[in-house]
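Me: I'm new to reading protein structures, and I'd like a close look at one part instead of a quick tour of everything. Could you pick a pair of side chains, explain how they meet, and then work outward from there?

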Amino acid sequence: LLERALDFRPGGHERLSGRFASGLDTVYEATFHVIEPQRRLVYAYDMRLGGAPHSVSLTTVEMRGDRGTTRFRYTEQLVFLDGTDATKGTVS
């Protein structure tokens with residue numbers, strides 16, 4: 001981990017940057033669009049690997065209480081920009 005910043009509010013941003021043991025730098029940057037406590041979170045983020053665009057995503061997390069439990073629904077629309085599809089494992 002090289003940097004972590006979080007401004008958790010509608011219109012706020014999150015930034016994480018780090019470096020794998022191999023020396024590959026990564027950057028995650030998100031914008032929070034909707035924050036409805038105990039109901040819904042909508043955010044968009046992009047990832048860069050070694051300075052190059054890797055992926056862009058729109059994510060929705062929905063929460064619903066049901067008889068003393070909480071059910072989560074996670075939906076992510078994701079596009080890979082560098083020809084990968086993330087099914088071969090992790091980046092190192």
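**The E29–R48 pair and its surroundings**

Reply: Let's start with E29 and R48, whose side chains form a salt bridge with the closest N and O atoms 3.1 Å apart. The two partners come from distant parts of the chain: E29 sits in strand β3 and R48 in strand β4, 19 residues apart. Keep in mind as you look that this is a predicted model. The general idea behind such a pair is that side chains of opposite charge can pair when their charged atoms come close.

How can residues that far apart in sequence meet? Look at the strands. β3 and β4 run antiparallel and are joined by ten bridges. They make a hairpin with three residues between them, and Q38 in that turn has a positive phi of about 60°. To find your way along this pairing, look for Y28 in β3, whose bridge partner in β4 is M47.

E29 also has a partner on another strand. R15 forms a salt bridge with E29, and here the closest N and O atoms are 2.5 Å apart. This pair again links distant parts of the chain, with R15 in β2 and E29 in β3, 14 residues apart. R15 and E29 are bridge partners between the two strands as well. β2 (residues 13–19) and β3 run antiparallel with seven bridges between them, and H13 stands opposite T31 along the same pairing. The hairpin of β2 and β3 has five residues between the strands, and G23 takes a positive phi near 100° there.

Are these charged residues buried or exposed? E29 lies in between: its relative accessible area is 27%, so it counts as partly exposed. R15 is partly exposed because its relative accessibility is 25%, and R48 falls in that class too, with a relative accessible area of 23%.

Now step outward. The structure holds ten salt bridges. Another of them is formed by R73 and E62, whose side chains meet at 3.7 Å, N to O. R73 lies in β6 and E62 in β5, so this pair ties together parts that are eleven residues apart in sequence. E62 is partly exposed, with a relative accessible area of 30%. Back around our starting pair, salt bridges that share partners join E3, R15, E29, D46 and R48 into one network. E3 can be placed through its strand pairing: its bridge partner in β2 is S17. Strand β1 (residues 3–6) pairs with β2 in the antiparallel sense over four bridges, and their hairpin has six residues between the strands, with G11 in the turn at a positive phi of about 85°.

What touches E29 besides its charged partners? One neighbour is Y45, whose contacts include Y28, E29, A30 and E76. Y45 leads us to a different kind of grouping, since it belongs to the largest nonpolar core, made up of Y28, A30, F32, L41, Y43, Y45 and V61. β3 (25–36) and β4 (40–49) each supply at least two residues of this core. In sequence, then, E29 is flanked by two core members, Y28 and A30. As a general background point, nonpolar side chains in soluble globular proteins tend to be buried together.

Y45 also points us on to the next strand, because we can follow its pairing: Y45 stands opposite S57 in β5. β4 and β5 (residues 52–66) run antiparallel and are joined by ten bridges. Two residues separate them in their hairpin, where G50 has a positive phi of about 60°. From β5 you can carry on to β6, which runs antiparallel to it with twelve bridges between the two. That hairpin also has two residues between its strands, and R67 in the turn shows a positive phi of about 50°.

To finish, follow β5 and β6 to V56, which stands opposite V79. V56, V79 and L81 form a nonpolar patch on the surface, with about 230 Å² of accessible area together. L81 is found in the segment after β6 (69–80), and its relative accessible area of 46% makes it partly exposed. Y45 touches V56 too, which gives you a path back to E29, another of the residues that Y45 touches.

Definitions and conventions. Residues numbered from 1 in each chain as written. Predicted model: local features only at pLDDT ≥ 70, side-chain atom pairs only at ≥ 80, totals over all residues. Heavy atoms only, no water. Core = buried A, V, L, I, M, F, W, Y, C linked by side-chain atoms within 4.5 Å. Buried < 20%, exposed > 50% of the residue type's maximum accessible area, 1.4 Å probe, protein only. Contact = heavy atoms within 4.5 Å. Patch = residues over 30% accessible without salt bridge, like charges linked within 9 Å, V, L, I, M, F, W, Y side chains within 5 Å. Areas by Shrake-Rupley, 256 points an atom, 1.4 Å probe, with all protein chains shown as cover. Salt bridge = Lys/Arg side-chain N within 4 Å of Asp/Glu carboxyl O. Pairing = 2+ DSSP bridges. Lists of a residue's contacts leave out its neighbours within four places in sequence.
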